[in-house]
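Reader: I would like a close look at one part of this model, namely the surroundings of a single helix, with the cut-offs behind each term spelled out. Please set that part within the chain before going into detail.

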Amino acid sequence: SDLVKMLAKLVADVVTEFLDEKEKQGRSERHVETLSSHCKRFGGKVSMNIGSVTAGEVDLFLDGLHVGARTRDNIANSIRTLFEFAKRKRYLPSDFDELSRVTRLDNGEDGPIEIYTLDEMKALLEAADESLVPFIAIGGFAGLRSSEIRRLDWQDVKFDSDCIIVQKGKVKKRGKSRRIVPMPANLKAWLKPFERKAGKVWPHSKPYLYESLAVVAVKAKVP
């Protein structure tokens, strides 16, 4: 039955399947290496069925790594991506949400993007894939929250008036609830090559966002 299938998968077995899929999808070597390093450590330490894992166990694993706050959150992001994969494969029920209770030291999912130095921002932006550059630049230079950038549409990025219109929440009528954020010159310079008339600034899924941010932090050597 589905329930038996959900209960019968060891974390380490799910990790193996997850990494196989990533390689088949043609993700870069660095991308797969980062996910492999994060998830294999987790699978090696947490030897139980994936459906039995609690937020407390994930926190215990992360705390035991003795790494900095940002690195801890990057590894948590990789584990979150692993659990999204397990849901897709029906090794977990679709409403399994233990990972949402895992402690995030730097910022919550809806928190502001971490504050980086200019050198760190430059390293992140240069290491990022093209689809991720606008997300990192807007978070770093305009201070928007992750959830706000995920909702942001290119038509709200006003290059002619040097501002970004942030729609608050899921509003049905545009402009009903919004704020205007200035677009500094350095942000405009980073965004201009990616300018589009319309469409999402971050066009992919939330799990892929976490995965990409974890990978780019390692690639850019930002702790």
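Author: Among contacts in the chain (heavy atoms within 4.5 Å) between residues at least 6 apart in sequence, 66% join residues at least 24 apart. The model is a predicted one, in which local features need pLDDT of at least 70 and side-chain atom pairs count only at pLDDT 80 or more, whereas totals for chains, interfaces and linings use all residues. Residues are numbered from 1 along each chain as its sequence is written, and side-chain values use heavy atoms, with hydrogens and water left out.

The chain contains 10 helices and three strands, where helices (H or I, at least four residues) and strands (E, at least two) are DSSP runs numbered from the N terminus. Read from that terminus, the order of elements is α-α-α-α-α-α-α-α-β-β-β-α-α. Of the 223 residues, 45% count as buried, a term that stands for under 20% relative accessible area, with exposed meaning over 50% and partly exposed in between (1.4 Å probe, protein chains only). The exposed surface of the chain comes to about 11,700 Å², of which carbon and sulfur atoms supply 51%; these areas come from the Shrake-Rupley method with a 1.4 Å probe, and for residues only the protein chains shown count as cover.

The helix to look at is H2, residues 11-24, which packs against H3, residues 29-45, at an angle of about 175° with the axes 9 Å apart. Axes here are lines fitted to C-alpha atoms, for helices over the stretch in contact, and angles run from 0 to 180 degrees between N-to-C directions. H2 is therefore roughly antiparallel to H3, given that angles over 145 degrees count as roughly antiparallel, those under 35 as roughly parallel, 65 to 115 as roughly perpendicular and the rest as oblique. On the H2 side the contact is made by Val11, Ala12, Val15, Phe18, Leu19, Lys22 and Glu23, and on the H3 side by Val32, Leu35, Ser36, Cys39, Lys40, Phe42 and Gly43. These residues divide into nine nonpolar, two polar and three charged, where Ala, Val, Leu, Ile, Met, Phe, Trp, Tyr, Cys and Pro count as nonpolar, Asp, Glu, Lys and Arg as charged, and the others, Gly among them, as polar.

H2 also meets H5, residues 69-88, with axes that come within 10 Å and cross at roughly 95°, so that H2 is roughly perpendicular to H5. Val14, Val15, Glu17, Phe18 and Glu21 of H2 make this contact with Thr81, Leu82, Phe85, Ala86 and Arg88 of H5, and the residues divide into six nonpolar, one polar and three charged.

Returning to H3, Cys39 is buried, with a relative accessible area of 0%. The structure holds zero disulfides, a disulfide being a pair of cysteine sulfur atoms within 2.5 Å. His31 is found in H3 as well and is buried at 5% relative accessible area. Leaving aside neighbours within four places in sequence, His31 is in contact with Tyr208, Glu211 and Val215, while its C-alpha atom is separated by 7.9 Å from that of Ser212, 181 residues away along the chain.

The loops beside H5 deserve a remark on backbone angles. Most residues other than glycine have a negative phi. His66, in the loop between H4 (55-63) and H5, has a positive phi of about 50° and is exposed, with a relative accessible area of 71%. Arg90, in the loop between H5 and H6 (118-127), has a positive phi near 65° and is exposed at 55%.
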